[in-house]
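Opened a new page for this protein today. I want to go through the fold piece by piece and jot down what I find.

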Amino acid sequence: MRVFVTGVSGFVGQHLARELRQRGHAVGGTFLDETCDLPEVELHSLDLAAPRAEVAAALRTAIAGFAPERVVHLAGLAHVGSSWQAMPLYYRVNLLGTEEVLAAAGGAPVLFASSAEVYGPVPEEEQPIGEQREPAPVSPYALTKAAAERLVLARGGTVVRPFNMTGPGQSPRFALPAFAHQLAEIAAGRQLPVLAVGNLEARRDFVHVADGAAALALLVERGEAGGVYNVATGNASSIREALDLLLATSGVKVEIAGDERFLRPADIPLLRGSAEPLRRLGWAPRRTLANAVAELWQWSRERVAAEAAR
């Protein structure tokens, strides 16, 4: 099968491209990071934040030239905290960008990567959250994702709502990779032994990115048109518990200091998901949060070492 992936150079995109190639599919896609290492992937440069006419023309050319049988739309802005300061940009990239991808896809079915953030705050006694739960977004990011879902479903596409994917390659703008990056800097003697953190009490359903990529690839192959699928383990850990795992893995001794720069205007206390429709297709998580943290720590150490060597 020929699969075109927007945002193929991103955190999830690179893992998905490798998973698809391992399954024997031809892969093309759009990229922002020119340093991405994706052999055997047909790459097309695209920035969804560019003027809309430019985005539309670039997508039409790239997708038509590749002639995909499936389109996976991963590209977009994903940082919840930043969305409060950049609402117009999130609207343009996440909502209008999705509209342009749908228009350029032609007759190819589209799999859209939304987010569990669309569910908003859900009482703990009503969790794990199933796909039948009505979205109730509380951040600009989640609102753009929920609105884009409606566009996709109206066109007969498929929506996937990943819970918190993490692992090697994730940007240090997010909590766990931010901690890992700081610890690597401290271990290398490039930062004082003080770890800046935000809210550590929020609990999240962490999914190893490799398991997430396997879920997306399965949905490319077997996802139902008009379907909505969670990607979740059914378990939740607090950010503090994940940080404790990271500290134990790294062995780095630090002082932990709260930093208001890492706090959000609205932070959902708990997100724990059910992924029954995906499990019925044969998916199950194979890796743990401890696996993700260990691989993230190793990747962060290598990244900091490479930066220091420049």
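The notes below go through sheets, helix packing, empty spaces and a couple of backbone oddities.

**Entry 1: what I have.** I'm working from a predicted model, so everything here is computed from that model.

**Entry 2: the seven-stranded sheet.** I started with the strand order. I read it as S3-S2-S1-S4-S5-S6-S11, an open sheet of seven strands with parallel pairing. At the edges I find S3 (41-45) and S11 (228-231), each with a pairing partner on one side only. I also looked up the twist: neighbouring strands are turned by 20° against each other on average, ignoring direction.

Next I zoomed in on one pair. S5 (110-113) and S6 (158-162) run parallel and are joined by three bridges. Which residue of S6 is the bridge partner of Leu 111? I found Thr 158 there.

**Entry 3: helices on that sheet.** H4 (87-104) packs on the sheet, where I see it touching S1 (2-6), S4 (70-73) and S5. The direction of H4 makes about 175° with that of S4. H5 (140-154) lies across S5, S6 and S11, and I get about 170° between H5 and S5.

**Entry 4: H2 against H4.** I then checked how H2 (52-66) sits on H4. The two pack at an angle of about 35°, and their axes are 9 Å apart. I noted the crossing of H2 and H4 as right-handed.

For the contact itself I listed both sides. H2 brings Arg 52, Val 55, Ala 56, Leu 59, Arg 60 and Ile 63. They meet Leu 96, Glu 99, Glu 100, Val 101 and Ala 104 of H4. Sorted by class, this contact has seven nonpolar and four charged residues, with no polar ones.

**Entry 5: the cavity.** How many cavities of 30 Å³ or more are there? I count one. Its volume comes out at about 50 Å³. Going round the wall of this largest cavity, I wrote down Leu 48, Ala 50, Pro 51, Arg 52, Val 55, Arg 92, Leu 96, Gly 97 and Glu 100. H2 and H4 are the elements that give two or more residues to that lining. Which of the elements gives the largest share of the lining? That is H4, with four residues. By class I get five nonpolar, one polar and three charged residues around the largest cavity.

Cross-reference to my earlier list: Arg 52, Val 55, Leu 96 and Glu 100 are in the contact of H2 with H4, and these residues turn up in the cavity lining too.

**Entry 6: the second largest pocket.** I looked up the volume of the second largest pocket and got about 250 Å³. It has 15 lining residues, and those closest to its centre are Glu 19, Ala 210, Ala 214, Arg 286 and Arg 287. H1 (11-22) and H7 (209-222) each supply at least two residues of the lining. H7 gives the most to this pocket, with five residues. I sorted the lining by class as well: six nonpolar, three polar and six charged residues.

**Entry 7: the three-stranded sheet.** There is an open sheet of three strands too, in the order S12-S9-S14, and its pairing is mixed. S12 (237-238) and S14 (270-271) are the edge strands, each pairing on one side only. Do S9 (203-204) and S12 run parallel or antiparallel? I have them as antiparallel, joined by two bridges. Looking across from Arg 203, I find Ser 238 of S12 standing opposite.

**Entry 8: backbone oddities.** I checked the peptide bonds and noted a cis one, joining Gln 127 and Pro 128, with omega about 10°. I placed Pro 128 in the loop between S5 and H5. I also wrote down Glu 40, a residue other than glycine with a positive phi, near 65°. Glu 40 belongs to the loop between S2 (26-31) and S3.

Definitions and conventions. Residues are numbered from 1 along each chain as its sequence is written. This is a predicted model: local features need pLDDT of at least 70, side-chain atom pairs count only at pLDDT 80 or more; totals for chains, interfaces and linings use all residues. Side-chain values use heavy atoms; hydrogens and water are left out. On a 1 Å grid over the protein atoms alone, a cavity is a set of points where a 1.4 Å probe fits but cannot get out, and a pocket is an open set with protein on both sides within 12 Å along at least five of seven lines; lining residues have an atom within 4 Å of a point. Grid points are joined across faces, edges and corners, and a volume is the space filled by probe spheres set on the points. Ala, Val, Leu, Ile, Met, Phe, Trp, Tyr, Cys and Pro count as nonpolar, Asp, Glu, Lys and Arg as charged, and the others, Gly among them, as polar. Two strands pair if DSSP finds at least two bridges between them. Axes are lines fitted to C-alpha atoms, for helices over the stretch in contact, and angles run from 0 to 180 degrees between N-to-C directions. Contact means heavy atoms within 4.5 Å. A crossing is left-handed if the near helix is turned anticlockwise from the far one by less than a right angle, and right-handed if clockwise.
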